[in-house]
Amino acid sequence: MSDRVPVLKIGDILLVSIQVDLEDQMVLDLQDDLSQKIVATSARGVVIDISALEIVDSFVGRMLATTAAISRVLGAETVVVGMRPAVAMTLVELGLSLGGVRTALNLELGLGYLRRAQASSPENR
């Protein structure tokens with residue numbers, strides 16, 4: 001059995017903190033766990049914290065974009081937080097712009113963005 005990345009609930013936001021290098025099966029499990037948790041909790045936002053990742057490759061970059069797309073289809077906006085400068089440079093060099101994925105420097109800013117986005121949503125007016 002492979003290790004699983006925990007998905008924590010903070011209000012109507014889910015927090016995914018990636019603390020280890022991701023293997024293929026862990027990514028598939030994470031996408032499945034996260035999508036199920038979005039539906040089960042009616043989450044409206046997802047924060048993926050990658051501050052522990054020192055390096056990324058094209059696989060991890062695609063995983064972030066795919067996970068954000070899955071979340072968006074299920075009604076939850078995704079913010080990737082904690083990206084190190086070297087990680088950002090690597091993603092750009094690999095040609096992975098993470099289109100459609102919002103980023104923030106840290107968890108506090110990411111949560112703040114999602115809360116502001118939810119407050120200005122037409123559903124909350």
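1. A polar contact, as the term is used in this note, is a pair of N or O atoms within 3.5 Å; within protein, one of the two must be able to donate a hydrogen and the other to accept it. With that in hand, here is a good place to start: the side chain of Thr 67 makes such a contact with the side chain of Gln 31, at 3.2 Å. Please keep in mind throughout that the model is predicted.

2. Let me stay with Thr 67 for a moment. This threonine belongs to helix H2, which covers residues 58-73. Is Thr 67 buried or exposed? Its relative accessible area is 2%, and buried means under 20%, so Thr 67 is buried. Once neighbours within four places in sequence are set aside, the residues in contact with Thr 67 are Gln 31, Leu 34 and Ile 48. Gln 31 thus turns up both in this contact list and as the partner in the polar contact.

3. Now for the overall picture. The protein chain holds 4 helices and 5 strands. Read from the N terminus, the order of elements is β-β-α-β-α-β-α-β-α. The radius of gyration is 14 Å, close to the 14 Å that the globule rule gives for 125 residues, so the chain is as compact as a globular protein of that length. Taken along the principal axes, the box filled by the C-alpha atoms is roughly 40 × 35 × 20 Å.

4. Some totals for the whole chain may be handy for you. Of the 125 residues, 41% count as buried. Among contacts with a separation of 6 or more, 75% come from residues 24 or more positions apart. The exposed surface of the protein chain is about 6900 Å², and carbon and sulfur atoms supply 55% of that area.

5. The two strands at the start of the chain deserve a look together. Strand E1 (residues 7-10) runs antiparallel to E2, and 4 bridges join them. Within this pair, Ile 10 stands opposite Ile 13 of E2, while Lys 9 has Leu 14 of E2 as its bridge partner. The hairpin that E1 and E2 form has 2 residues between the strands, and Gly 11 there takes a positive phi near 65 degrees.

6. How many residues of strand E2 are buried? The count is 4 of 5 for this strand, which spans residues 13-17 and is mostly covered. On top of its pairing with E1, E2 pairs with E3 in the parallel sense, over 5 bridges. Leu 14, already mentioned as the partner of Lys 9, also stands opposite Val 46 in E3. Together with H1, the strands E2 and E3 make a right-handed β-α-β unit.

7. One backbone angle in that unit is worth a check on your screen. Most residues other than glycine have a negative phi. Ser 42 is not a glycine, yet it has a positive phi of about 55 degrees. Where does Ser 42 sit? It is in the loop between helix H1 (24-41) and strand E3 (45-49). With a relative accessible area of 55%, Ser 42 is above the 50% cut-off, so it counts as exposed.

8. Moving further along the chain, Asp 57 is found in the loop between E3 and H2. A polar atom of its side chain lies 2.9 Å from the backbone nitrogen of Val 60. Not counting residues up to four places away in sequence, Asp 57 touches Leu 94 and Leu 96. Asp 57 and Thr 90 are 33 residues apart in sequence, and their C-alpha atoms are 7.6 Å apart in space. At a relative accessible area of 40%, Asp 57 falls between the 20% and 50% cut-offs and is therefore partly exposed.

9. My last point concerns Arg 84, in the loop between strand E4 (77-81) and helix H3 (85-93). Which backbone atom does its side chain reach? The side chain of Arg 84 comes to 3.0 Å from the backbone oxygen of Ser 51. Leaving aside neighbours within four places in sequence, Arg 84 is in contact with Ser 51, Ala 52, Leu 53 and Glu 54. Its relative accessibility of 34% makes Arg 84 partly exposed. For a distance across the model, the C-alpha atoms of Arg 84 and Lys 37, 47 residues apart along the chain, are separated by 27 Å.

Terms used: Residues numbered from 1 in each chain as written. Predicted model: local features only at pLDDT ≥ 70, side-chain atom pairs only at ≥ 80, totals over all residues. Heavy atoms only, no water. Buried < 20%, exposed > 50% of the residue type's maximum accessible area, 1.4 Å probe, protein only. Pairing = 2+ DSSP bridges. Right-handed = clockwise from strand over helix to strand, strands pointing away. Contact = heavy atoms within 4.5 Å. Rg over C-alpha atoms; globule rule 2.2 N^0.38 Å. Areas by Shrake-Rupley, 256 points an atom, 1.4 Å probe, with all protein chains shown as cover.
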